[in-house]
Amino acid sequence: MIIDEKFIFSKPIKKQSESLAREILREFNLLHFANLKMCDKPDLKEFKNSIGIEVTMLSTIKDSQYVMGVYNKVLKGEIKKNDFLDKFKNVYFVYDDKNQIIGLEFELLNQIENLIMETLNKKTKKLNNKNELSYQYFDHYQLFIHIDVWNQNETKRKFINLLNDYKTQNQKSYEVVYIYDNFHHILNVFDLKNKIEDSIKFSVNKHEELYSKAKKVIR
């Protein structure tokens, strides 16, 4: 998987991830999410329709921002290429036809499937934890997951089955789960309540527009 510098440094931090999730959901369904508020426990709240949305981030690339910082020093000539490769055993340079470095290739250090399943399990337990007294009650709960990159063909069916299992086994469950692939700018929607699956791809310009709006909100 090739990752460029722009992608790594646009990866949202916690508050930015919540703000970006709100902008993405507004773009996805403005009529439904026009009044979506950034709060806490859960992170996004839509009071008119009694919807609470938990937002979380998953990283499939270990220490990606640190790696990119060191990579920039290689490009500036401050660090030798061989020293970089010795330091990071799971990262490789990508070259163009003129033997110029044009990016990096990462080995995925975590199983994406396991990360998503573990997150769903953890968040569902939190939702049903009676000791979480500060977690606000809503009629409908949703989950928004930011992930570096997701090959949905590998995990989609198993993920849907797990969602349905949690729905029958728990008093509270997520009616809708969104997985946003930050690399491909694709919003994957799993609506269990209405039995709808959908994928919406945003253009690079649209993603950057939404990300700029998200950053302005938290300044």
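Let's start with threonine 119, which sits in helix 6 (residues 112–127). Keep in mind that this is a predicted model. From that one residue we'll move on to the sheet, then to helix 2 and its salt bridges, and finally to the place where helix 2 meets helix 8.

**Threonine 119**

- Threonine 119 has a relative accessibility of 10%, so it counts as buried, the cut-off for that label being under 20%.
- Who does threonine 119 touch, once you skip its neighbours within four places in sequence? Its contacts are then Thr56, Leu58 and Ile145.

**The sheet**

- Seven strands make up an open sheet, and their order across it is 2-3-4-7-8-9-10. The pairing in this sheet is mixed.
- Which strands stand at the edges? They are strand 2 (37–38) and strand 10 (196–201). Each of these has a single partner strand, so one of its sides has no neighbour in the sheet.
- Further in, strand 8 (residues 176–181) and strand 9 (residues 186–191) run antiparallel, and six bridges join them.
- If you want a spot to look for in strand 9, try valine 189: tyrosine 178 stands opposite it.
- Helix 2 (residues 14–28) lies across the strands of this sheet: strand 2, strand 3 (44–46), strand 4 (51–58), strand 7 (140–147), strand 8, strand 9 and strand 10. Helix 2 runs at about 125 degrees to strand 4.

**Salt bridges inside helix 2**

- How many salt bridges does the structure hold? There are seven.
- One of them joins the side chains of lysine 15 and glutamate 18, at 3.3 Å from N to O. Both residues belong to helix 2 and are three residues apart, about one turn of the helix.
- The two partners differ in how much they are covered: lysine 15 is partly exposed at 43% relative accessibility, whereas glutamate 18 is buried at 2%.
- Another salt bridge pairs the side chains of glutamate 23 and arginine 26, at 3.6 Å from N to O. Here too the partners are both in helix 2, three residues apart, or about one turn of the helix.
- Is glutamate 23 buried or exposed? With a relative accessible area of 8%, glutamate 23 is buried, while arginine 26 is partly exposed at 22%.

**Salt bridges involving helix 8**

- Lysine 206 and glutamate 209 form a salt bridge, and their closest N and O atoms are 3.3 Å apart.
- Why are lysine 206 and glutamate 209 separated by about one helical turn? Because they are three residues apart in helix 8 (residues 204–217).
- Glutamate 209 counts as partly exposed, at 34% relative accessibility.
- This pair also belongs to something wider: a network of salt bridges links Glu27, Lys206, Glu209 and Lys213.

**Where helix 2 meets helix 8**

- Helix 2 packs against helix 8 at an angle of about 130 degrees, and their axes are 8 Å apart. That angle makes helix 2 oblique to helix 8.
- The crossing of helix 2 past helix 8 is right-handed.
- On the helix 2 side, the contact is made by Gln16, Ser19, Leu20, Arg22, Glu23, Ile24 and Glu27. Helix 8 contributes Lys206, Leu210, Tyr211, Lys213, Ala214, Lys215 and Val217.
- Some names come up again here: Glu27, Lys206 and Lys213 are in this contact, and they are also among the residues of the salt-bridge network.

Definitions and conventions. Residues are numbered from 1 along each chain as its sequence is written. This is a predicted model: local features need pLDDT of at least 70, side-chain atom pairs count only at pLDDT 80 or more; totals for chains, interfaces and linings use all residues. Side-chain values use heavy atoms; hydrogens and water are left out. Two strands pair if DSSP finds at least two bridges between them. Helices (H or I, at least four residues) and strands (E, at least two) are DSSP runs, numbered from the N terminus. Contact means heavy atoms within 4.5 Å. Axes are lines fitted to C-alpha atoms, for helices over the stretch in contact, and angles run from 0 to 180 degrees between N-to-C directions. Buried means under 20% relative accessible area, exposed over 50%, partly exposed in between (1.4 Å probe, protein chains only). A salt bridge is a side-chain nitrogen of Lys or Arg within 4 Å of a carboxyl oxygen of Asp or Glu. Angles under 35 degrees count as roughly parallel, over 145 as roughly antiparallel, 65 to 115 as roughly perpendicular and the rest as oblique. A crossing is left-handed if the near helix is turned anticlockwise from the far one by less than a right angle, and right-handed if clockwise.
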